[in-house]
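Grab a pencil and work through these exercises with the structure open beside you. Each task comes with a worked solution, so try it yourself before reading on.

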Amino acid sequence: MNRVVHPIEQESFRRLRARLDTSHFPPLTRAVVERVVHSSADLGYAGELVMDEGDLVTAHAALHAGAPVVVDVEMVAAGITRRDTVCRLGDAVATGGLTRSAQAMRLAYEQVGPGALWVIGCAPTALEELLTLDASPALVIGLPVGFVGAAESKAALRESGLPAVSNVSEKGGSAVAAAALNALLYHPTTEEKP
């Protein structure tokens with residue numbers, strides 16, 4: 001179902017495209033880049049996001065077929081529209097050397113199993129823990145923010161070979177992680193016209 005785009009959003013994207021040429025990106029990559037840049041007003045993301053169009057096509061199909069969406073924090077969940085999410089942070093307790101965020105990834109995996117889309121925008125330890133699980137994700141949007149562990153966890157995600165969206169710096173956060181998922185949600189399926 002196509003969404004109604006508010007005139008302010010239309011104007012924002014018009015201005016974005018006037019300042020940043022995204023026409024060379026394949027369709028889903030372009031959608032993710034534009035939505036992340038739009039959510040952050042940071043044109044620099046266009047040069048540092050890392051993703052594969054084929055992975056995005058597969059993830060888009062899984063998402064629109066009803067694959068679960070797991071988030072690391074409620075702030076990411078709040079930014080994702082038109083889709084319920086799973087966030088187990090409220091149930092998690094730091095134990096055995098694991099942070100609450102890492103424990104929440106374990107709890108979420110126990111709940112959803114393989115094939116989910118994982119959206120991590122806050123905690124590098126959540127991304128690190130996800131990489132230890134045999135989660136077989138449809139996609140990992142790994143955009144945690146911070147000066148401790150964020151860039152390293154994203155590098156480990158890229159090295160893992162898992163289908164992913166990441167970036168190559170410390171910046172990230174809940175808003176951009178949610179925006180990357182929303183780009184896939186908002187992009188029409190083959191049955192819908194853009």
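## Exercise 1: the cover on α9

**Task.** Keeping in mind that this is a predicted model, work out how many residues of α9 are buried and which ones they are.

**Solution.**
- Start with the count: 12 of the 13 residues in α9 are buried, so the helix is mostly covered.
- Now put names to them: Ser174, Val176, Ala177, Ala178, Ala179, Ala180, Leu181, Asn182, Ala183, Leu184, Leu185 and Tyr186.
- Finish with the span. Helix α9 covers residues 174-186 and reaches 18 Å from its first C-alpha to its last, close to the 18 Å expected at 1.5 Å a residue.

## Exercise 2: α1 against α2

**Task.** Find the angle and axis distance between α1 and α2, then say what kind of residues make the contact.

**Solution.**
- Two packed helices are described by the angle between their axes and the distance between those axes.
- Here α1 (residues 7-19) and α2 (residues 27-40) pack at about 105 degrees, their axes 10 Å apart.
- That angle makes α1 roughly perpendicular to α2, because angles of 65 to 115 degrees count as roughly perpendicular.
- On the α1 side, the contact uses Glu9, Ser12, Phe13, Leu16 and Arg17, while α2 brings Arg30, Glu34, Arg35, Val37 and His38.
- Sort these residues and you get 3 nonpolar, 2 polar and 5 charged.

## Exercise 3: α2 against α4

**Task.** Do the same for α2 and α4: how do the axes cross, and which residues meet?

**Solution.**
- The axes of α2 and α4 (residues 53-64) come within 8 Å and cross at roughly 85 degrees.
- So α2 is roughly perpendicular to α4.
- From α2 come Pro27, Leu28, Thr29 and Val32, and they meet Glu53, Leu56, Val57 and His60 of α4.
- This contact divides into 5 nonpolar residues, 2 polar and 1 charged.

## Exercise 4: what hides α2

**Task.** List the buried residues of α2 and the elements that cover them.

**Solution.**
- The helix has 14 residues and reaches 20 Å between its first and last C-alpha, close to the 20 Å expected at 1.5 Å a residue.
- Its buried residues are Leu28, Thr29, Ala31, Val32, Val33, Glu34, Arg35, Val36 and Val37.
- Among the elements covering them are α1 and α4, the two partners you've just met, plus α3 (45-48), β1 (49-50), β5 and α9.
- Look just past the end, too: α2 is followed by Ala41, whose phi is positive, near 55 degrees.

## Exercise 5: His60 and Thr189

**Task.** Decide whether His60 and Thr189 are buried or exposed, and trace their contacts beyond four places in sequence.

**Solution.**
- His60 sits in helix α4, and its relative accessible area of 9% makes it buried.
- Its contacts are Leu28, Leu184, His187, Pro188 and Thr189.
- Thr189 lies in the segment after α9. Its relative accessible area is 18%, so Thr189 is buried as well, the cut-off being under 20%.
- From its side, Thr189 is in contact with His60 and His64.

## Exercise 6: a loop residue

**Task.** Place Glu170 and find what it touches away from its sequence neighbours.

**Solution.**
- Glu170 is in the loop between β5 (164-167) and α9.
- With a relative accessible area of 37%, Glu170 is partly exposed.
- Leaving out residues up to four places away, it touches Pro144, Val145, Gly146, Phe147, Ala150, Ala151 and Lys154.
- Along the chain, Glu170 and Leu143 are 27 residues apart, yet their C-alpha atoms are separated by 8.7 Å.

## Exercise 7: the cysteines

**Task.** How many disulfides are there, and how far is the sulfur of Cys87 from the nearest other cysteine sulfur?

**Solution.**
- Searching the whole structure gives 0 disulfides.
- For Cys87, the nearest cysteine sulfur is that of Cys122, 9.9 Å away. A disulfide needs the pair within 2.5 Å, so this one doesn't qualify.
- As for exposure, Cys87 counts as buried at 16% relative accessibility, whereas Cys122, at 36%, counts as partly exposed.

## Exercise 8: α6

**Task.** Which residues of α6 are buried, and what do they pack against?

**Solution.**
- In α6 (residues 100-112), the buried residues are Ser101, Ala102, Gln103, Ala104, Met105, Leu107, Ala108 and Val112.
- They pack against β2 (69-71), β3 (117-120) and α7 (124-130).
- Just after the helix, Gly113 takes a positive phi of about 70 degrees.

How values were computed
Residues are numbered from 1 along each chain as its sequence is written. This is a predicted model: local features need pLDDT of at least 70, side-chain atom pairs count only at pLDDT 80 or more; totals for chains, interfaces and linings use all residues. Side-chain values use heavy atoms; hydrogens and water are left out. Axes are lines fitted to C-alpha atoms, for helices over the stretch in contact, and angles run from 0 to 180 degrees between N-to-C directions. Helices (H or I, at least four residues) and strands (E, at least two) are DSSP runs, numbered from the N terminus. Angles under 35 degrees count as roughly parallel, over 145 as roughly antiparallel, 65 to 115 as roughly perpendicular and the rest as oblique. Contact means heavy atoms within 4.5 Å. Ala, Val, Leu, Ile, Met, Phe, Trp, Tyr, Cys and Pro count as nonpolar, Asp, Glu, Lys and Arg as charged, and the others, Gly among them, as polar. The expected span of a helix is 1.5 Å times one less than its number of residues. Buried means under 20% relative accessible area, exposed over 50%, partly exposed in between (1.4 Å probe, protein chains only).
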